[in-house]
Amino acid sequence: MRNELLHIFRNTPFGRETLMASVYFCKETGTSLRVYIPKFRQFLMYFEHEVVTVDLDRAFLRDPGTAKKHAEEIVLEGGLTPHFIEPKGFTASTLPDLPVDYRYMTCPRTISNLSAKIGLGYIGPRVRNIIRSADFPVFIPTPVYKEWKRIVVFFGGSQNAIKAVQYGIEIATVSGFPLILFTQGEDKDLRYYEDEIKKAGLFEKLETLGFDWLFFDRGELKINLYEVPHDSLAIVGAYGHGVIKEVLFGSKMEEIQTVLPNSMLIVGPNCTPVIG
Amino acid sequence: MRLEIKDVARMLDLPEATIARWIKQGKIPAKLERGRYIFEDRQLKAWARTHNITLREDKLHEQSNNEDDITLHDAMERGGVFFDVKGDNPEEVLKSAVALMDLPPSVDREVLLEKLLQREELSSTGIGEGVAIPHPRHPLESFPLKATVTTCFLEKEVDFNSVDGRLVFVIFVMLSRSTKIHLKLLSRLSFCLRNREFVHMLRSRPQPEQLLCKVKELEGQL
Amino acid sequence: MKIFIHNLNERLQLVIIGAVVGVGGGVASVALNRALEWGAELLHPYRHHWFSFLLPACGAALSSIFLFNLAKDIGGHGVPEVIYSVIRRGGLLRFRSSYSRLVSCCLTIASGGSAGPESPVVISGASVASNIASFFRLRDRQRIVLVGGGAAAAIASIFNAPVAGIAFSLEAIMGEWTPTNLITIGVASAVGTEVSRLLQGNQIPFEGQPFTISNLDLVACLGLAMFTSMASVLLIRLLRCVREISSKTVSLHWVRAASGGLVVGLIGLMLPSIMGEGYGAIRTVIGGSFSEGLAIAGLIALGKIVATCLTIGTGGMGGLFAPCLVIGSFTGLFYQRFLIYLLPGVHWAGEPYFALVGMAGVISSVLQAPMTGIFLITEITGGYQVLVSVLLVSVISVTLSHIFEPFSVYHHELVAHGELLRPRTDRRVLSELSITELLDSDYQEVPPEMPLREFVELVKRSPYHFFPVIDSKTKRYLGLIHFDDVRAYLFDANLYDSLLVEELMDTTVPTISLDDELTEVLDVFEYGHDSTLPVVHDGRFLGLISKATILDHYRKELIVEEEI
């Protein structure tokens, strides 16, 4: 797995904000940025057990003459070196496939629809497919560029949540930003969640790093989410303990993405964090 | 026996990434258990047989880099220190030494003695300053222990036909599995013997702890 | 159930799932067939009206709109996609491919477009197989075999020809005949055939009467082979031509398809046999009831070639099998009339014979798959009498057309991209290896400001041969020191304090990036004199790559790819 982030560039003002967010993310997490400027309406990503077809909204192909220049400007301004990728494999002459061995990928809330549709509560089906099949987490930035200075990891005790914590630890270590755990304790007390973290062998790492724990044993999740600082990156596991794991996101996840406007890093079930 | 990707990678002398890829492609049989891939020993062996590929089981048990961890101090600690070892000539001295040494049952003392004598006949192991370093002519490949250096202070000084003609008062019997280890230990021992203080201390027949301590100190300078 | 399947022996697993795949392929083909029949019935009353020539245009346009806008799929046979996936992507296929092209194809052919139902059914069957394999979390190798089974089942069920299905799958898609493949694919093919027989009855598509063949006819076959190869080359080249020109001149896909369909409709006014699949026309010929002469036969053959290229080349959805059979039979017919014209006194075998053999010639040449052609013809006519002739013509025709068009219509695009990597070939093995897997760690990093004295100490203590020089602050790679290069200085104590590592290092050593292709890397080794090179990505040093390690991995990869 390369230490790189894949960004699909939309040559529009909206796309500019998204790219700036990716640049910032790369700087803070120490990953290399790789930009793809699409030339075709679709591309494929061949994961281990599934091929995801990404249908791009027309905006992605707008004004190809200036796309590269614009992207370079934004990346250079952020202090990084621009790297563009060209797909090497073609399933058909108009259907390129992109490699999938990235550490992260940036997706706006929807790839196939107009930017107008991007609002809270909506995560497009293609993005969901990617999250479900990829072995890397998906970074969904805020619609307008905003620098995050804290990291909030939503911990509900599940396997996926443990992975989210691992990513949180890694990013906090490299970026130096403070790490906060957020738990909506359903019927269990803090001790239970602490034990889960200890079982995963992560407690020492967390203590060394230093962290806060926002634990709520009452109140609705929607309301408690207000306590998530506005300038934080929210790391969430996509699936919880549900039965219908393969099709829908967990209910908590859906609630969170409906209420929080923060930048999010969504950890799917096939993710493989490097540490731990 | 159940093996993991890292074990199989070592046995095939390939990186773990290649094994992981082979599993995904179905080129090597493995089962997914609780998030990890497990290889069943029998199945793996059958697979290796049909494809005519060698599984290096010795690499599986070998700790990586254990050769680099070997220190003279540890080898001498393992070999032990003995005083007043009897003998009027090299053969008798070696015989007494071998009798005293703490060896695992699998090592045949007679065979070991013979090998030491063979080497001695080939060329004297007396390297000067009253020190000799007897060792088997070829490294004992089947030596089960980590390398050992047995220190034997002799009851009386013996003529080993040393390089500088002086009589030998202490021998270091060096046993190891490979030439590489032997050379490493030898190089360290030589380094120690170049130190005046160390040789002086040897002549005074020091207590084992003192001796080992001094060796450790000198090794630390390397 | 997933767990049950997982615990079975692998061969048994594949056989069972292969059977399921066979059912899938069979159902897909029957569904399409029924849909086509229903469509033909629906549109029948309209065929006698004046506007009937517009039907193919409308059908093509609708098919295009459905495919691109509704199903969001792409055009093309689909078979190259399957092959690409089998070679490079472990047989993964998109689920939407299992139905999108069936619908689209139905629209194209039912309205009169000149194409066959085969390729869409092949990709449907293959896609169904692929997704079933993914559902059971099977490995790439198993998924690939099942995809082959899906393709076999598709062809087998369309033509009621199980062996042809197997041959097609192995020749065109898998690229190799191995025992393990054969079992699964055979099962899928057989089940597919059975499903088709169950649902549609055990008919042999083109039943003919027995012939009497003389030796003279066999000699005549040689000439026929020439004609069939010419027809095949013409078809392939014209198809490519139409594709290129139409995609350059008309950008709106449905307009493109419609215009192709329009011309087809116009041609169809004069030569109705060229429309649709054309099985009806074939039956006439095989039945011996074709009465027209030399010119008409030739015209129909040419017309069919043009119509097929116009239909498929402009974006209509369909396969080439059926058109090839039609073209083949009329070419054969044309040849027979030609022979009669040339040598009127000789008693040649009847039209059905030449038609059959012609079919074999064209199909084998277009697909560059002689076994498929031979088995197909033999199975769909239910007789072995023509076997020798079919063999002769297939093989000769393939050889002749190979000179002009070395790759089949499915493989051409893949070859153009360098993607046709047959198993156990050098390029294939290299494509499996990645630079990341080949990285060596026989090195220790040193900073540029280290003096020679310290470096000598380092060398004394370490077992390594290579020392990459890395800038301590920026962590960037600056150069490489190979132990051999500095041998001369190591024993020159005078230099110990006056030389720094950065003065010793070689900055001209070519560096390899993770994005490089192994073939390129090997070229660098070939033209240089180094046998170990540094891998530098984004300015960071990642490791070394050596020829020796490449050989070791290459050999192990090749061993493991072998099918036992």
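## A tour from one serine in chain C to the sheets of chains B and A

Select S401(C) to begin: leaving aside residues up to four places away in sequence, S401(C) touches S229(C), V233(C), S365(C) and Q368(C), a contact meaning heavy atoms within 4.5 Å. This is a predicted model, in which local features need pLDDT of at least 70 and side-chain atom pairs count only at pLDDT 80 or more, while totals for chains, interfaces and linings use all residues. Residues are numbered from 1 along each chain as its sequence is written, chains are lettered from A and ligands numbered from 1 in the order in which they are written, and side-chain values use heavy atoms, with hydrogens and water left out.

Now extend the selection to residues 387-404 of chain C, which form helix α17, where S401(C) is found; helices (H or I, at least four residues) and strands (E, at least two) are DSSP runs, numbered from the N terminus. S401(C) has a relative accessible area of 3% and is therefore buried, the term standing for under 20% relative accessible area with a 1.4 Å probe and protein chains only.

Zoom out to the whole of chain C, whose secondary structure comes to 25 helices and 4 strands, and whose C-alpha trace spans about 105 × 60 × 45 Å along its principal axes. Of the 564 residues in chain C, 57% are buried, and among contacts between residues at least 6 apart in sequence, 75% join residues at least 24 apart.

Move next to chain B and select its open sheet of 5 strands, ordered β4-β7-β8-β6-β5 with mixed pairing; two strands pair if DSSP finds at least two bridges between them. The edges are β4 (81-85) and β5 (126-128) of chain B, each of which pairs on one side only. Helix α7 (residues 90-100) of chain B packs on this sheet, touching β4, β7 (148-158) and β8 of chain B, and its direction makes about 135° with that of β4(B), where axes are lines fitted to C-alpha atoms, for helices over the stretch in contact, and angles run from 0 to 180 degrees between N-to-C directions. Within the sheet, β6 (residues 131-132) and β8 (residues 168-175) of chain B run parallel and are joined by 2 bridges, with V170(B) in β8(B) as the bridge partner of V131(B).

Finish in chain A with strand β9 (residues 150-154), in which 4 of the 5 residues are buried. β9(A) pairs in the parallel sense with β12 (residues 232-237) of chain A over 4 bridges, and 4 bridges also join β9(A) to β10 (residues 179-184) of chain A, again running parallel. Centre the view on V153(A), whose bridge partner in β12(A) is I235(A) and which stands opposite L181(A) in β10(A).

Definitions and conventions:
Buried means under 20% relative accessible area, exposed over 50%, partly exposed in between (1.4 Å probe, protein chains only).
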